[in-house]
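Colleague: I have a model open and would like to go through it with you. Could you take my questions as they come?

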Amino acid sequence: MPADFNGQWVMVTNENFEDIMKAIDIDFATRKIACHLTQTKVIVQNGDKFETKTLSTFRNYEVNFTVGEEFEEVTKGLDNRTVQTLVTWDGDKLVAVQKGEKANRGWMQWIEGDLLHLEIHVEDKVCKQVFKKKP
């Protein structure tokens with residue numbers, strides 16, 4: 001049985017987020033605002049099917065996927081690119097590879113206790129975010 005990601009998760013740390021935003025060509029003003037926001041992730045998981053929302057007071061982002069099925073993702077609200085995304089299981093970790101105009105783009109997330117860890121990578125940049133599950 002895969003890990004259970006269901007729930008609301010509130011950001012507690014956000015390391016190197018500006019580097020990721022620079023790598024995907026987010027403008028200066030947006031980067032400065034986004035670095036000061038606290039995000040909330042809402043995840044609804046039914047086996048390998050995921051409905052995910054990333055919410056903040058500035059922008060929201062939603063992506064739904066089935067593990068093991070490649071899909072076209074429009075990163076609206078982020079950098080507005082179209083990428084081919086494939087999410088797979090690596091043990092209890094979700095690993096996403098995004099193919100598009102930026103190399104080595106994707107993310108990995110996993111749970112340790114009541115914390116959700118998310119690593120985002122683009123080219124040679126890595127952002128580490130940690131979220132705490134809301135009771």
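Colleague: Which helix is lysine 22 found in?

Modeller: Lysine 22 sits in helix α1; bear in mind throughout that this is a predicted model.

Colleague: Buried, exposed or partly exposed, that lysine 22?

Modeller: Lysine 22 counts as partly exposed, because its relative accessibility is 45% and the partly exposed class lies between 20% and 50%.

Colleague: And how many residues apart in sequence are lysine 22 and histidine 117?

Modeller: Lysine 22 and histidine 117 are 95 residues apart in sequence, and their C-alpha atoms are 21 Å apart in space.

Colleague: Stepping back, how many helices and strands are there in the protein?

Modeller: The protein has two helices and 10 strands, and along the sequence they follow the pattern β-α-α-β-β-β-β-β-β-β-β-β.

Colleague: In what order do the strands form the sheet?

Modeller: The 10 strands form an open sheet, with antiparallel pairing, in the order β4-β3-β2-β1-β10-β9-β8-β7-β6-β5. Because β4 and β5, the latter at residues 71-74, stand at the edges with a single partner strand each, one side of each is left without a neighbour in the sheet. Neighbouring strands of this sheet are turned by 25 degrees against each other on average, direction ignored.

Colleague: What holds paired strands together, in general?

Modeller: Strands of a sheet pair through backbone hydrogen bonds, and the arrangement can be parallel or antiparallel.

Colleague: Over how many bridges do β2 and β3 pair?

Modeller: Strand β2, residues 40-46, and strand β3, residues 49-55, pair in the antiparallel sense over seven bridges, and within that pairing threonine 40 has leucine 55 of β3 as its bridge partner.

Colleague: What about the β5 end: how many bridges does β5 make with β6?

Modeller: β5 pairs with β6, which covers residues 82-90, in the antiparallel sense over four bridges, with glutamate 72 bridged to glutamine 84 in β6. Moving along, β6 and β7 pair over seven bridges, again in the antiparallel sense, and there leucine 86 has valine 97 of β7 as its bridge partner.

Colleague: Which residue takes a positive phi in the hairpin of β6 and β7?

Modeller: That is glycine 91, with a phi near 70 degrees, in a hairpin that has two residues between the strands. In the hairpin of β7 and β8, where five residues lie between the strands, asparagine 104 takes a positive phi near 50 degrees. For the hairpin of β8 and β9, with two residues between them, glycine 113 in the turn has a positive phi of about 65 degrees.

Colleague: How many bridges join β8 to β9?

Modeller: Seven bridges join these antiparallel strands, and one pair worth looking at is tryptophan 107 with its bridge partner isoleucine 120 in β9. On the other side of the hairpin series, β7 and β8, the latter at residues 105-112, pair over five antiparallel bridges, with leucine 94 standing opposite glutamine 109 in β8.

Colleague: Back to isoleucine 120, then: buried or exposed?

Modeller: Isoleucine 120 is buried, because its relative accessible area is 17% and buried means under 20%. Not counting residues up to four places away in sequence, isoleucine 120 touches Ile20, Gly106, Trp107, Lys125, Val126, Cys127 and Gln129.

Colleague: Which members of the largest nonpolar core touch the most other members?

Modeller: In that core of 28 residues, they are Phe5, Phe50, Phe65, Val87, Leu94 and Trp107. The elements that each supply at least two residues of this core include β1 (7-15), α1 (17-23), β4 (61-66) and β7 (93-99).

Colleague: What is phenylalanine 5 in contact with?

Modeller: Leaving aside neighbours within four places in sequence, phenylalanine 5 has contacts that include Ile43, Phe50, Trp89, Leu94, Trp110 and Leu116.

Colleague: Last topic, overall size: what radius of gyration does the protein have?

Modeller: The protein has a radius of gyration of 14 Å, which agrees with the value near 14 Å for a compact globule with 135 residues. The C-alpha atoms fill a box of roughly 40 × 30 × 25 Å along the principal axes, and buried residues make up 41% of the 135 residues.

Terms used
Residues are numbered from 1 along each chain as its sequence is written. This is a predicted model: local features need pLDDT of at least 70, side-chain atom pairs count only at pLDDT 80 or more; totals for chains, interfaces and linings use all residues. Side-chain values use heavy atoms; hydrogens and water are left out. A nonpolar core is a set of buried Ala, Val, Leu, Ile, Met, Phe, Trp, Tyr and Cys residues joined through side-chain atoms within 4.5 Å. Buried means under 20% relative accessible area, exposed over 50%, partly exposed in between (1.4 Å probe, protein chains only). Contact means heavy atoms within 4.5 Å. Two strands pair if DSSP finds at least two bridges between them. Axes are lines fitted to C-alpha atoms, for helices over the stretch in contact, and angles run from 0 to 180 degrees between N-to-C directions. The radius of gyration is taken over C-alpha atoms; the globule rule is 2.2 Å times the number of residues to the power 0.38.
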